[in-house]
Amino acid sequence: MLLIALPVACGPADIGFEDPDPPKHDTDADTDTDTDSDTDADSDTDTDADTDADTDTDTDTDTIDTGEVVYDCSALPTANQGETSFNDARAYHGLAFDDDGNLIGWDGRNSLVKSAYDGGREVWVPGFRSVEQIDRLPDGDFVLADTSGSRIARVSADGATETLASDVGYVYGVTVGPDGNIYIADGGVHRVDVKTGEETTLLPSMPGSSAHSLAFNLDSTRLYIGTVGSGNLFYVDLDENLDPISEPEVYAVVGSGWQDAVEIDACGNLYVPDYYTSSFYRVKTDGTVEEWLSAPTSRQYGHGAVYGTGHGGWREDAIYQPQPYNGNTVREVRIGIPSGDTVRTWNGKKAP
């Protein structure tokens with residue numbers, strides 16, 4: 001079976017940090033410890049050999065073809081392939097990537113910042129006092145939870161900003177669905193129509209916990225829901241319009257109760273950071289949970305999970321994590337397989 005690894009990009013050396021006091025888990029915007037002014041420039045095609053214990057509709061196969069590389073899903077790495085911390089990059093709880101090879105994140109103070117893989121950064125859009133997760137629309141615009149303004153904001157490639165939905169309260173999770181609409185988590189789960197800003201509640205609450213982070217499976221027939229409260233990672237099955245057709249069910253127990261992101265690889269495995277254990281977990285397609293990476297100290301905890309794009313040095317086989325308790329720096333965790341976005345379908349067609 002052919003298994004081709006992506007080339008390793010050159011980047012900063014691994015960086016260690018002193019052991020801090022345990023941080024508070026809050027939304028205090030004043031977490032950046034640097035002193036600079038920041039003005040410098042399915043049918044799902046994955047199939048492994050194990051017998052899935054879950055009830056999803058994925059039809060597993062042995063390989064995934066992303067169009068450039070074929071991956072053997074039955075012979076994936078069993079541990080993280082290395083990690084690197086970037087002292088100059090900035091992100092708080094969410095991040096995304098632009099078409100020019102920059103990482104987009106909030107600096108923890110009042111601006112969206114562009115960071116390059118080689119260490120340069122610049123203020124991009126000032127005036128944001130608190131930002132949670134960030135994602136991109138099919139047209140390339142960014143969407144984010146602006147909690148200081150209780151809104152979902154849209155930011156174009158040239159930095160123009162508009163409000164898509166207002167009076168949304170406190171929103172943490174932001175995910176663009178395969179339909180191009182925005183799915184948000186604020187304890188419950190809601191869909192925001194990207195054209196009208198109309199908000200539709202899909203799940204008003206979760207059993208014994210609070211919805212916090214979201215991810216779609218590879219054929220868009222299931223929504224995974226990371227939570228705060230119990231350690232339960234839930235799922236709901238979806239119809240062709242991405243509306244829930246089942247009650248929330250537990251998919252796996254991950255960490256101790258504060259799941260800050262859910263990311264998915266091209267073979268259907270999930271990656272979940274848990275704040276309470278300061279660890280990063282992989283959930284295999286049979287529901288088995290593995291600790292992928294444990295932070296040496298709580299300061300180095302990775303608060304989110306977003307795959308790189310393969311542009312500008314940011315690896316497409318690595319997940320990038322904000323480190324809000326470490327000066328809003330960024331950590332690269334090499335997974336060894338690219339994002340599920342590369343193979344995701346919706347109603348039998350490739351999702352945008």
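**Exercise 1. Find the surroundings of I335 in this predicted model, leaving aside its neighbours within four places in sequence.**

Solution. Start with the contacts themselves: I335 touches P77, Q81, Y271, F280, W292, Y307, D317, A318 and I319. Contact here requires heavy atoms within 4.5 Å.

Next, place I335 in a core. Together with F280 and I337, I335 has the most contacts inside the largest nonpolar core, a set of 33 residues. Strands that each supply at least two residues of this core are β18 (232-237), β19 (249-253), β21, β22 and β23.

Then look for another core. A second, separate one has 15 residues, including L203, A211, F234 and L238. As background, nonpolar side chains in soluble globular proteins tend to be buried together.

**Exercise 2. Work out the strand order of the open sheet that contains β21 and β22.**

Solution. Begin with the pair itself: β21 (residues 270-274) and β22 (residues 279-283) run antiparallel and share five bridges. Within this pairing, Y271 lies opposite R282 of β22.

Now extend to both sides. The order is β20-β21-β22-β23, an open sheet of four strands with antiparallel pairing. At its edges are β20 (263-264) and β23 (289-294), each of which pairs on one side only.

Two residues link this exercise to the previous one: Y271 and F280 are both among the contacts of I335.

**Exercise 3. Describe how β8 and β9 are joined and paired.**

Solution. First, count the bridges: β8 and β9 (residues 142-146) are antiparallel, with four bridges. One bridge joins I134 to L144 in β9.

Second, inspect the turn. The hairpin has five residues between its strands, and G140 adopts a positive phi near 100°.

**Exercise 4. Which residues are closest to the centre of the largest pocket, and which elements help to line it?**

Solution. Take the volume to begin with: the largest pocket holds about 1,200 Å³ of space. Its lining comprises 44 residues, and those closest to the centre are D135, R136, Y307, S339 and D341.

Now assign elements. Two or more lining residues come from each of β4 (95-97), β8 (131-136), β12 (173-176), β16 (210-216), β20 and β24 (306-307). Y307, already met as a contact of I335, is one of the central residues here.

**Exercise 5. Summarise the whole chain: how many helices and strands are there, and what share of residues is buried?**

Solution. Count the elements: the chain has zero helices and 28 strands. Then turn to burial: 57% of the 352 residues are buried. Finish with the surface: about 13,700 Å² is exposed, 46% of it supplied by carbon and sulfur atoms.

Note on methods:
Residues numbered from 1 in each chain as written. Predicted model: local features only at pLDDT ≥ 70, side-chain atom pairs only at ≥ 80, totals over all residues. Heavy atoms only, no water. Pairing = 2+ DSSP bridges. Buried < 20%, exposed > 50% of the residue type's maximum accessible area, 1.4 Å probe, protein only. Areas by Shrake-Rupley, 256 points an atom, 1.4 Å probe, with all protein chains shown as cover. Core = buried A, V, L, I, M, F, W, Y, C linked by side-chain atoms within 4.5 Å. 1 Å grid on protein atoms, 1.4 Å probe; cavity = no way out; pocket = protein on both sides within 12 Å on 5 of 7 lines; lining within 4 Å. Points joined across faces, edges and corners; volume = space filled by probe spheres on them.
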